[in-house]
Each structure stands twice: as structure tokens, then as C-alpha cells.
Amino acid sequence: MTGSETFREASRFATPIRELGLTIAGTWLEGVLAEFEQEVHRVGIRRVHPRFYLSNEWGVSDSLAIGIPFYLARPDLMALHGERIGHIEGATRVDVLRYLRHELGHVICYAYRLPDEEEWVQQFGANTHPYLEEYRLEPFSRRFVRHLPGWYAQKHPEEDWSETFAVWMTPGLDWRSEYADWPVALAKLEYCDRTIKRLGALDPVATSAHQEDDIAEYPGSIDQFYEHLAGSSAEILTLGKIELPPGLDGALKAIFEDLGAFTDKTSTSVRKPASALIARLEPELLAHVYRWTGHFPERARPLIRHLAQRADQLKQVYPEDREIPAVIAVTTLVTTLAMNYVHRGTYLP
Ligand SMILES: [Zn+2]
């Protein structure tokens, strides 16, 4: 019965998170963490043993403990997160290891109080630099390493350090040759190499293992968690005064009138709705546009939905055998708008 299934699903996500008994033990994360601990040992970090716990997102807050998003602990919660938010940070073993290396950078930074070192400040900047959620980034700036998507090293001095550390510790990555032509980024990596060789066998000077935002203490349900998240991203959207740009109909017409015109006799294949194609592209567009432009998925998602809605209202179509040109055209359009936003703070200057 569909009715009772719907009810069961709704009630499942209405349960308080702390009653779900979410743990790392017994999940796929356990194996990944064991692998990571070996990595940590192999790079010569012997006296810092990070702890891991489930949190609302990836993070380390002046502590030796690394928070892992709770939804990674259960496949149904991962699917739900993908549906509600549009992208998952750590969907695979390789991806989780990537985040762990970055977070360990924060742990090491805290454990040895690196921002107190003069050379750390020279390489990365003062850690007192304000932490801006929206940072004006330069894709492919050769002053920074590339690791997490969205040119994350450019966000803040400590993120720059953590990204540098993550690249430095990645197994099998020959960072000296990879960054040979990027002298500023390379100097940061060399500093990291010297620093871990110097400190790796020493006891940490800071030892708190505080678990910030431990999911076991979250008072609400899964539904409330996502309502809250939607509320705060709606707030960010309003605060940033982002309005979905008017005047994009012309761009859609430029793409689909050329592609889909029924008078176009070069394709006799069946015409398909453009809106469904744009909707289908959403998850990949969110991930890849963020990776290369740094434009946040929570911003790009309303934009892509707006484009799909306009394409629907304009009854735009494309011939089935021209799907690749249609995908490239939509991708390029969204990327260009995202780049405008990253550089100018608005889609349409
Ligand atoms: Zn970070």
C-alpha cells in the first residue's frame, strides 16, 4: 500500500536523530578510517591520534577530533541527503579519504599550534584573517594547491594549510613534480614537509578532543535538520540579495531554438522536452560547476531549477539525437553564469 509506505517513510525521518543510534562502528566508514590511520602512520605522524565521530558536517574545531557527516553512516540517509541538498561530500572511499586528509591538516595545525610559527604566517597568512563563507577566488591560481573541489585553499589561511597538508600526505602523489612550475604553492608544500619531519615524533602541545556538533547531541529529527539547513541556505540567498536573474529566456532560446526547431530538417528524430534534460543534469552540474568555479551548489541549484522551469514554460525541445550538443550548451551557460557570480557577485552584471 502506497499510503502506509509513505507514512512509514515520513515517520522514520521524524525520529529524533539521537534515537537512531548512529555510529561509525559497523559501517563502511570503519574500514576507510582504518586505512586512513595507516596512512597517517606512514607519513611519520606518530604522536597525534585523531578521534572520529559523527557530526552535522565535516569539521575540526580546535580539537584532535574529526567530525564526519552523520549521513555517511547509512545508505538511506546518504540518498536522502543527495535528494535534499543535491551533493554528498564523501560519497566514496576515495572521497572520504580526501576529506580526512584535509581535516587532519586542521588537527595538526591545532595540535602543534602552527599559526604561532613565523614561517607558517609567512606562507599562509595570519590565522586571524576573517573566515568568509563567500570568497572571491581565482580558478587555477598558481599560489595554491588543488585538493577539495571549489579551490578551497583560497578560502582562508588555515584552509590553505589544510589543503597543502592534504596534498602533501596523499599517497602516490609526486607533489614536487606536480607543483614544480607553481613556486608559491611548492614553497608551502616544502614547508609542510619540513614541519612534519620536525614535529611528527613529538607529543602535541594542544590536546583537547572536544567533539563540536556531535550528532548524538542534536535534539531534532532528520526532517528538522534539513528544514534548518534549508532555512539557513534560504537566509544566505536572501542576505546575499540573490535574485534569480531575469532575462535568461533569451539564452535558452539561443540554445533550444537552434537545436530543437521543428523546421530543422537536419534531424528527424523525436523532440524531447528541454526542461527534463536540464533537471536530469542537475546533480552533475552542481558538482562540476562547484569543482571548477567554486560556485556553491546551494546557489547553483535554484538557478538550474529556474532554467528548467523557464524551458518548460517556453515549451522548449531538442531532437533526441542531439542530446550531447544540448548538454554542452546548457553546461556552458550555467558555468558562465557561475563565473560571473564568482567574480562579480551577481549572475548578470
Ligand atoms: Zn577545512
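Me: Two residues are in contact if their C-beta atoms, placed from the backbone, lie within 7 Å of each other. In this predicted model, which residues is Leu-189 in contact with, leaving aside its neighbours within four places in sequence?

Reply: Once those sequence neighbours are set aside, the partners of Leu-189 are Val-145, Thr-164, Val-167, Trp-168, Trp-175 and Tyr-179. By the definition, each of these pairs is therefore one whose C-beta atoms lie within 7 Å.

Me: Why is Leu-104 called buried, rather than exposed?

Reply: The label needs 20 or more other C-beta atoms within 10 Å, and Leu-104 has 25 of them, so Leu-104 is buried. This residue sits in helix 4 (residues 93–111), and, neighbours within four places in sequence aside, Leu-104 is in contact with Val-40, Pro-50 and Phe-165. Leu-64 is 40 residues away from Leu-104 along the chain, and their C-alpha atoms are separated by 8.4 Å.

Me: What makes the end-to-end distance of helix 6 agree with its number of residues?

Reply: Helix 6 (residues 157–169) has 13 residues, and the expected span is 1.5 Å times one less than that number, which gives 18 Å; its end C-alpha atoms are 18 Å apart, so the two values agree. As for covering, 13 of the 13 residues of helix 6 are buried, whereas buried residues make up 32% of the 349 residues in the protein.

Me: Which residues touch the most other members of the largest nonpolar core, and which element gives the most to this core?

Reply: This core has 50 residues, and those touching the most other members are Val-107, Ile-108, Val-145, Phe-165, Trp-168 and Leu-189. Helix 4 gives the most, with nine residues, and among the other elements that give two or more are helix 2 (28–42), strand 2 (65–69) and helix 8 (183–199). A second, separate core has 28 residues, including Ile-278, Leu-286, Val-317 and Tyr-347. In soluble globular proteins, nonpolar side chains tend to be buried together.

Me: How do you know which residue types form the side of domain 1 that touches domain 2?

Reply: The domain assignment gives domain 1 as 2–217 and domain 2 as 242–344, and their C-alpha centres lie 33 Å apart. Seven residues from domain 1 and 12 residues from domain 2 take part in the contact. Sorted by residue type, the domain 1 side divides into four nonpolar, three polar and no charged residues; no Asp, Glu, Lys or Arg is therefore found on that side.

Methods:
Residues numbered from 1 in each chain as written. Predicted model: local features only at pLDDT ≥ 70, side-chain atom pairs only at ≥ 80, totals over all residues. Domains from an automatic or database assignment. Buried ≥ 20, exposed ≤ 12 C-beta atoms within 10 Å, placed from the backbone. Helix = DSSP H or I, 4+ residues; strand = E, 2+ residues; numbered from the N terminus. Core = buried A, V, L, I, M, F, W, Y, C linked by C-beta atoms within 7 Å.
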